[in-house]
Amino acid sequence: MTQSETGNVGSPGPLAEDEQRSSAAAEHLEERPPAPDVDITKPHVARMYDYYLGGKHNYAVDREAAEQMLKLFPQGRIAARMNRRFLIESVRWMAQEAGIRQFLDIGSGLPTQQNVHEVAQAVDPDARVVYVDNDPLVRVHAEALLATEPNTIFLTGNLCEPEDLINRPELREHLDLSRPVGLLLVSVLHCVEDDDQAQRIVKTLSDALPSGSYVAISHALQDESTKEQWAKGREIYQRAQASGRVRTREEITALFTGLTPVGCGVVHISEWTPPEGSPAFEGGGNVVSLDDPDVVKTVPIMCGIARIDR
Ligand SMILES: C[S@@+](CC[C@H](N)C(=O)[O-])C[C@H]1O[C@@H](n2cnc3c(N)ncnc32)[C@H](O)[C@@H]1O
């Protein structure tokens with residue numbers, strides 16, 4: 001989803017990162033919730049992510065918590081941008097190269113640049129998208145953004161209830177589940193604390209989709225070098241009412257059990273490229289500049305795309 005008005009997740013273009021940050025800070029929302037169920041007294045994970053991306057859909061509590069995280073992980077902003085690049089390039093590849101015309105994006109997040117429906121519909125204007133998120137602020141912005149988009153809908157829903165989600169009548173009316181779907185679980189499975197539950201979610205959703213569908217997953221990575229930082233980070237996210245767990249390389253790889261990895265497989269995000277045949281990645285369209293390889297290598301995220309084969 002997109003920071004429609006600011007949010008430079010796309011190519012940094014003429015706007016330098018520092019400028020983006022200060023313009024986002026200057027233009028931030030009035031500190032008033034746009035709906036009664038939006039709680040701005042506690043930080044929220046979607047709004048903290050929006051802040052890392054330079055967006056303006058965030059409040060003082062979110063910015064404060066996000067700044068604490070950035071002290072632990074100074075590469076947090078580049079991490080968010082790389083994650084976004086993974087999402088955008090996955091959708092582009094699925095639409096352009098794999099012929100996918102329907103997308104289910106769970107944990108879709110707040111609007112930013114190059115939303116999933118925009119990327120998919122740039123390839124085929126008839127591509128259909130269902131966004132799902134459990135955050136009321138995401139709902140407010142998604143409904144405004146999608147009011148005039150017949151091929152894209154938003155559902156408030158919980159990833160942790162995958163059977164209910166996949167059986168929602170609105171979802172089934174919008175997507176034809178007898179035809180391949182691009183399932184996007186990007187930067188959301190680490191919001192699920194329990195390992196078995198996280199694996200079950202991926203399996204339940206994948207099992208509901210036909211052969212030839214694809215799943216894109218990115219996930220926060222813990223290794224020996226980041227253990228202490230994540231322990232402190234977890235406290236910050238708990239204050240943001242976000243449960244969840246960062247996972248090791250092996251645990252993240254296990255989320256792909258039963259699926260067929262495509263392209264470079266499940267890798268550190270600095271090593272990820274779209275599966276062969278995507279011209280967009282090579283020739284412009286990159287959404288972050290990878291000009292600091294040392295920083296990029298420290299971004300604590302793994303990701304990959306896999307195909308559902310039966
Ligand atoms: C870090 S953002 C990722 C946004 C987007 N997928 C991306 O990668 O750019 C995580 C999103 O997942 C949502 N989320 C967290 N737990 C969820 C759950 N149990 N069900 C649905 N959405 C959830 C949050 O509200 C937030 O918008």
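Start by selecting strand β4 in this predicted model, where Gly182, Leu184 and Val186 point one way while Leu183 and Leu185 point the other way, every one of these residues being buried. In a regular strand the side chains alternate between the two faces of the sheet. Because 5 of the 5 residues of β4 (residues 182-186) are buried, the strand is largely enclosed by the rest of the structure.

Next, add the neighbouring strands. Strand β1 (residues 102-106) pairs with β4 in the parallel sense over 3 bridges, and if you select Phe103 you will find that its bridge partner in β4 is Gly182. Strand β5 (residues 214-220) also pairs with β4 in the parallel sense, here over 5 bridges, with Ser218 of β5 standing opposite Val186. Now show helix α9 (residues 195-207), which together with β4 and β5 makes a right-handed β-α-β unit.

Then move to helix α6 (residues 136-146), in which Pro136, Leu137, Val138, His141, Ala142 and Leu146 are buried. To see what covers these buried residues, display among others α2 (45-52), α5 (116-123), β2 (128-133) and β3 (152-156).

Finally, select Cys264 and Cys303. The sulfur of Cys264 has its closest cysteine sulfur in Cys303, at 6.9 Å, which is too far for a bond, given that a disulfide requires the sulfur atoms to lie within 2.5 Å. The count of disulfides by this rule comes to 0. The surroundings of the two cysteines can be inspected as well: Cys264 counts as partly exposed at 31% relative accessibility, whereas Cys303 is buried, with a relative accessible area of 0%.

Note on methods:
Residues are numbered from 1 along each chain as its sequence is written. This is a predicted model: local features need pLDDT of at least 70, side-chain atom pairs count only at pLDDT 80 or more; totals for chains, interfaces and linings use all residues. Side-chain values use heavy atoms; hydrogens and water are left out. Buried means under 20% relative accessible area, exposed over 50%, partly exposed in between (1.4 Å probe, protein chains only). Helices (H or I, at least four residues) and strands (E, at least two) are DSSP runs, numbered from the N terminus. Contact means heavy atoms within 4.5 Å. Two strands pair if DSSP finds at least two bridges between them. A crossover is right-handed if, with the strands pointing away from the viewer, the path from the first strand over the helix to the second runs clockwise.
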